[in-house]
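The following exercises are to be worked through with the sequence and the model at hand. Each task is followed by a solution in steps.

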Amino acid sequence: MSSQEIPEKNLPSEQDTAHGAVAVAEDPFADPGLPPHKPRIQDIDERAAKRSERTVALLFTLSMLATIGFIASFVAFPVDKLVYVWPLGHVSATNLSLGLTLGIALFCIGAGAVHWARTLMSDHEVADDRHAIEATPEVKAKVMADFADGARESVIGRRPLIRNTMFGALAMVPLSGVVLLRELGPLPEKKLFHTSWDKGKQLINMNTNEPLRPEDVVVGSLTFAKPEGLEEDDHEFNNKIAKDALMIVRIQPEDIKDKHELEWSHEGIVAFSKICTHVGCPISLYEQQTHHVLCPCHQSTFDLSDGARVIFGPAGHALPQLRIGVNNEGFLEALGDFPEPVGPAFWERG
Amino acid sequence: MADWADGRLGIYSLAKANMRKIFPDHWSFMLGEICLYSFIIIILTGVYLTLFFHPSMNEIVYHGSYVPMHGIRMTEAYASTLEISFDVRGGLLIRQIHHWAAVIFIAGMFVHMMRVFFTGAFRKPREINWLFGFLLFVLGMFTGFTGYSLPDDLLSGTGVRFTQGAILATPVVGTYISMFLFGGEFPGHDMVARFYSIHILLLPGIMLGLVVAHLILVFYHKHTQFPGPGRTNKNVVGMPLLPVYMAKAGGFFFLVFGVIAAIAGMFTINPVWALGPYRPDQVSTGAQPDWYMGFAEGLIRVMPGWEINLWGHTLVLGVFIPLVVFGLMLVAIAVYPFIESWITGDKREHHLLDRPRNAPTRTALGVAWVTGYMVMLLGGGNDIFATHFHMSLNAITWFVRIAFFVGPVVAFIVTKRICMGLQRRDADKVLHGRESGIIKRLPHGEFVEIHEPLSQDQLYSLTAHEQYTPAEVGPSVDENGVERKVTRGQKLRAKLSKGYYGEGNQVPKPTAEEYKEITSGHGHH
Ligand code: HEM
Ligand code: FES
């Protein structure tokens, strides 16, 4: 109820003091009741009503034209045509024209209907009574009695054996459904504890698909690797790389603070799991001066010169390190699997 | 024709009760309509998408019409999304409408829910409908998430990985849930197909049922209304369903659809072709979920990475606590109506809405909740804020951590004070009239502002709200002198009730006596 709709007689200036005083004498805050209807210009002036009619009809006509425009755009524009439209940039002509014509076609129907409702349909406010939702005591009593009758006639109360076995049967039958869900996937067992890395597996450069030599890993660059034998067209590639993905950097051995890390490196070349220990995003950013790597998902930061411990962010533990060495042909190879599960922590991880 | 149908369906009786049903009008009542209409739009466009989308993780090498992706291995799900976007005429538009409508749907539910909360529309008899709405909100988030994951692009895959990592953090059963959900190790080969049936059948099916139930209850309870002249708890004032409401609501559907279609035509949402297909070893920077997941994202970002290793097990608190807090914040929404009705002990039906100021504690609690939510939403974008405003990520993270606890408390206190101030102003207005802005000089030189008395309509509207008196624990001895046991629950309730309605927590309404005294004393200024 906005103030413009307040009936004239209730406006302060219109109030007859004597009448007001009478009302105030009883209850100054009494409900004055529904204000009388105030006619709109269209209710009084047929010309205004006609104008409204034409506006509504115009909107509906516009909608029809827009639909024709939609069909025309659908036929006219090749699906791959790009157009430059300020300020949107280069956009698909089909998408833009279809979206705008459909938008106008729909919007005009809506605008027409609303304008019609607001200016031409009756705007008399009506009051409807509400009725209590709760049943009367008699109805309640009747329902309870009916229910008792039904229960008695079923003899369920007198024959508990039937009742109990029925509940038992109903309780058990959904178990079949639960059992079927067992087929949704394998048990976790030790699956999360192992990757494809193993003693003797060469480190393959992710970019070149060639085995890595120590001299390929230069100071200041981040190299990604996968285990030998894992190819992109393998059916299981994604499942494997989700755990195998490896990140390699070269650090001056004297800069490596963690003794264990140094032991597992090859002349300062260290290999860590690329999978963030927070919730599993691949780590992708490397700061060469500090040897920090950053996970772009939630900004966990690990210090690769100090056992890849977490120095910032929500990750809970260091990145697992892969022990590496060099084989007879001079290629980098793994000297075993990761010593602990890679990726996010879980209950059985320990 | 109508008679034919009536003989079989009884449509006349149905129409008799409903055709001229009265609906009150207020802008905020349109929020629910926005939700309903965007839901319908989502279903319409979703069905169209199913005609072209291949919910399969079989891998192919792409040779379609989007040249930058030539020769790249991808799942059929991703390839078919490219096809919808680049080969199906209008396919891109439908995808965009589907996604925009989803974003608007969930935002609409959020705001609609706030409207219902802050006006107290959740009170008896509408608690169950509040729960239906709440479930729709939660299911809407999950439906949105599963849909977002279907194209199997780099961004959505990263989001799925995030979810899987969070599932793993669940104590005891985490690894089992993950294996069963993904059919093995992440990402597996089943995710898209399973999410697909969840996304297009399971969740929308439940939601459709809930939407229908929600609307039936709205009809059955009849709409609430704000108090005003002639509007009481026993009636509903407005215009009839046929024709006015039908035209306005029906028209509004077209308005909403039209606006979403135009937005979808102009503004790209989720350009899945930009980043390529999902690979568990690749990621883009600045990865962001849809807005409705930003709150969970924030929780997980700012939580310190606590892990407890004991007896060969790991408790991943750093991820599990955010999961629990996320759940609790949602549960708080669901249970609030029951808590409030327990505190007031009010068993009556309420069809008149509260103005938020007249329920200061409730309003303050709501604002506190929203503040916590918004703080976490901000936390979800901490990297974006850091780069855009050149701030340290560390500083933002600490700000969010502290603000998550302090912000709601401050918001609570400030909101309550504002409400009290507004109540006081209302009381002043009732007693002394409206400030007219006209300054008058009294004979002895003093300047006063003329106050105009309020109309009867305004007087009534400003005093129509009810005020509770705080519940008492009652005497510890009953009328026979026997000691009465006061349970802890009763004590708690009395305490809360005092916090809600006790002294200093609401401004007493002006009484008729006060009013008469003042008006007869000074006359009309
Ligand atoms: C009820 C709420 C729903 C929400 C919130 C929702 C949300 C979403 C979102 C955000 C996407 C990602 C779109 C993209 O950017 O590619 C999506 C995709 C999809 N949705 Fe829905 N959706 C809903 C219901 C439905 C229904 C009822 C159907 C079908 C009957 C459906 C069919 C699809 C299909 C086939 C896709 C994948 C197509 C593609 O991404 O190109 N959705 N949905
Ligand atoms: S996944 Fe790396 S920080 Fe969250």
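**Exercise 1. Describe the hairpin formed by S10(A) and S11(A), and state how many residues lie between the two strands.**

Solution. Step 1: locate the strands. Strand S10 covers residues 301–303 of chain A and strand S11 covers residues 309–312 of chain A; helices (H or I, at least four residues) and strands (E, at least two) are DSSP runs, numbered from the N terminus. Step 2: establish the pairing. S10(A) and S11(A) pair in the antiparallel sense over three bridges, where pairing requires that DSSP finds at least two bridges between two strands. Asp303(A) stands opposite Arg309(A) in S11(A). Step 3: examine the turn. Five residues lie between the strands of this hairpin, and Gly307(A) in the turn has a positive phi of about 65°.

The model is predicted: local features need pLDDT of at least 70, side-chain atom pairs count only at pLDDT 80 or more, and totals for chains, interfaces and linings use all residues. Residues are numbered from 1 along each chain as its sequence is written, chains are lettered from A and ligands numbered from 1 in the order in which they are written, and side-chain values use heavy atoms, with hydrogens and water left out.

**Exercise 2. Determine the order of the strands in the open sheet that contains S3(A), and name its edge strands.**

Solution. Step 1: recall the principle. Strands of a sheet pair through backbone hydrogen bonds, either parallel or antiparallel. Step 2: read the order. The open sheet has three strands, S3(A)-S4(B)-S1(B), with antiparallel pairing. Its edge strands are S3 of chain A and strand S1 (22–23) of chain B, each of which pairs on one side only. Step 3: check each pair. Strand S3 (residues 126–129) of chain A and strand S4 (residues 235–240) of chain B are joined by four bridges, and Asp129(A) stands opposite Asn235(B). S1(B) and S4(B) pair over two bridges; here Ile22(B) has Pro240(B) as its bridge partner.

**Exercise 3. Quantify the interface of chain B and chain A by its contacts and its buried area.**

Solution. Step 1: count the contacts. With contact meaning heavy atoms within 4.5 Å, 116 residues of chain B touch 101 residues of chain A. Step 2: give the area. Buried area is the accessible area (1.4 Å probe) that two parts lose on being put together, summed over both. For this pair of chains the value is about 9000 Å², and carbon and sulfur atoms give 63% of that area. In chain B, Arg89(B), Phe180(B) and Gln456(B) lose the most area to chain A, together 8% of what that side buries. Step 3: consider the charged pairs. A salt bridge is a side-chain nitrogen of Lys or Arg within 4 Å of a carboxyl oxygen of Asp or Glu. Four salt bridges cross the interface. Arg231(B) and Glu125(A) form a salt bridge, with their closest N and O atoms 2.8 Å apart. Step 4: identify the main contributor. Helix H10 (residues 241–266) of chain B gives the most to the side of chain B that touches chain A, with 16 residues.

**Exercise 4. Which residues are joined by a cis peptide bond in chain B, and where does Pro243(B) lie?**

Solution. Step 1: recall the general pattern. Most residues other than glycine have a negative phi, and most peptide bonds are trans. Step 2: find the bond. Leu242(B) and Pro243(B) are joined by a cis peptide bond with omega of about 5°, and Pro243(B) is found in helix H10 of chain B. Step 3: turn to chain A. The peptide bond from Trp86(A) to Pro87(A) is cis, with omega near 0°; Pro87(A) lies in the loop between strand S1 (82–85) and strand S2 (89–92) of chain A. Step 4: inspect phi. Val155(A), although not a glycine, has a positive phi of about 55°. Val155(A) belongs to the loop between helix H5 (137–153) and helix H6 (160–172) of chain A.

**Exercise 5. Explain why Glu59(B) and Arg73(B) tie together parts that are apart in sequence.**

Solution. Step 1: describe the pair. Glu59(B) forms a salt bridge with Arg73(B), the closest N and O atoms being 3.2 Å apart. Step 2: place the residues. Glu59(B) lies in strand S2 (residues 59–61) and Arg73(B) in strand S3 (residues 73–75) of chain B, so the salt bridge links parts that are 14 residues apart in sequence.
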